[in-house]
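Subject: A structure for you to look at

Hi there,

Here is the structure I promised to pass on to you. Please open it beside this email, and then read on for what turned up.

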Amino acid sequence: MKADFTRKLLQWNKESNTRSMPWKGEKDPYRIWLSEIILQQTRVEQGLSYYHKFVETFPSVQHLAAAPENEVFKCWEGLGYYSRCRNLIATARKVANELNGVFPSTYESIKELKGIGPYTAAAISSFAFNLPNAVVDGNVQRVLSRYFGISTPIDTTSGKKLYQELAQALIDTEQPAVYNQAIMDFGAVICKPQAPLCATCIQNTECEAFKHDLVKQLPVKEKTLVKSTRWLYYFIIVSDHQVYIRQRTGRDIWESLHEFVLYEAKGPVETAFQELPFLKDMMKEIPFTIGHISKMYRQQLTHQTINGQFITLNIPQPLPEGSGYFPVSKSRLAEYPFPRFINMFLEESAAPARLF
């Protein structure tokens, strides 16, 4: 059954796989690494333009390692999961400065790099160096769960071990790069999460899920995602044609990106903004006038729903020392990377004029 699965998968790949991506067949470990990091928790359709932008802006690992962090984050802006970008910078600097610009060429040494787990290490080692390490991502888990009728949850320790061992047993050791790309493509275009093409699938005669009408039930996940709702109110404080921002720190969303003066509430703000104790504490004795108040914005993240508004404040003098924010002129604002939530506001046609 295992040998039959691999043979038919490679047959499908040779005769019918028309999925095209710019990194297919790529042997440069730097470009493979870039594509894999960008595609972590990101749809291919969204990641394509970012991949091209990174390759054009940073054509080598040395270019990426030497770039200012703000420039790299600006390139990453909008992709989300910004820890990936921090790890990207750290690994680029390690490869460029400590490894003489040469990527490690074994699975274990690749996996030691920051931000690289078993899947990414397997992808780089097989695609760049043709090593027989099986990739296991969501596409692969879905294909294997359905074909072999596996009900072990994919998000448990035992499940991850089971799928990794099975994937390794199925890989074609003579052409691991071809096999790995084929099974991921197969999961993306044939054995899809919704509306899989079971009726015309080359594997359907042996597929347990198809034979026993279990396609919609597999794969199984044990954990239910708990989502929270947050209320963020951004005060765009303007003084002498400058606006105050800061870089986000701490282990929270959007770490290392920039933002305006933030007040996070426990729920929707229902009182007048000028009466907020937060604002009175920040302004001290500085008089202020409220200008534009934006509509309510919303962004859905994986674990959180973000709601909030943008409120423009004009003040006749700088903010007090120790506020944690620094002034930036309108002309330089675009140099700083902001989260998508803030860019939704900034990208509206009339928004820049409202700031100043």
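Let's begin with strand β7, which is mostly covered: 10 of its 11 residues are buried. Before going further, please keep in mind that this is a predicted model.

Which strands pair with β7? Strand β1, residues 228-239, runs parallel to β7 and is joined to it by 11 bridges. In that pairing, L232 stands opposite G308 of β7. Strand β5, residues 289-293, is antiparallel to β7, with three bridges between the two. There, I293 faces I311 in β7. Strand β6 also runs antiparallel to β7, which covers residues 304-314, and four bridges join the two. Y297 is the residue that stands opposite G308 in this case.

Strand β6 is a good one to look at by eye. In a regular strand, side chains alternate between the two faces of the sheet. For β6, residues 297-300, the covered face has Y297 and Q299, while R298 and Q300 are on the uncovered one. Together, β6 and β7 make a hairpin, with three residues between them.

T302 lies in the loop of that hairpin, between β6 and β7. Is T302 buried or exposed? Neither label fits: T302 counts as partly exposed, because its relative accessibility is 34%, and the partly exposed class lies between the 20% limit for buried and the 50% limit for exposed. If you would like a distance to try on screen, T302 and H241 are 61 residues apart in sequence, and their C-alpha atoms are 37 Å apart in space.

Now for the cysteines. How many disulfides are there? The count comes to zero. Why is C75 not bonded to C85? The closest cysteine sulfur to that of C75 belongs to C85, but it is 8.7 Å away, so the two are too far apart for a bond; a disulfide would need the sulfur atoms within 2.5 Å. Seen from the other side, C85 is in no disulfide either, with the sulfur of C75 as its nearest cysteine sulfur at 8.7 Å. C75 counts as buried because its relative accessibility is 7%, and C85 is buried too, with a relative accessible area of 0%.

Another residue to find is D185, which sits in helix α11, residues 176-189. D185 is buried, with a relative accessible area of 0%. What is D185 in contact with, once its neighbours within four places in sequence are left aside? The partners are W12, N17, R19, M21, K24 and I190.

Finally, here is the chain as a whole:

- The chain has 15 helices and eight strands.
- Of its 356 residues, 49% are buried.
- The C-alpha trace spans about 75 × 50 × 35 Å along its principal axes.
- Among contacts between residues at least 6 apart in sequence, 69% join residues at least 24 apart.
- The chain exposes about 17,600 Å², and carbon and sulfur atoms supply 51% of that area.
- There are 40 positive and 36 negative charges, and their mean positions are 3 Å apart.

Happy exploring, and do write back with your questions!

Best wishes

Key
Residues numbered from 1 in each chain as written. Predicted model: local features only at pLDDT ≥ 70, side-chain atom pairs only at ≥ 80, totals over all residues. Heavy atoms only, no water. Buried < 20%, exposed > 50% of the residue type's maximum accessible area, 1.4 Å probe, protein only. Pairing = 2+ DSSP bridges. Contact = heavy atoms within 4.5 Å. Areas by Shrake-Rupley, 256 points an atom, 1.4 Å probe, with all protein chains shown as cover. Lys, Arg positive; Asp, Glu negative; His and termini not counted. Charge placed at Lys NZ, Arg CZ, Asp CG, Glu CD.
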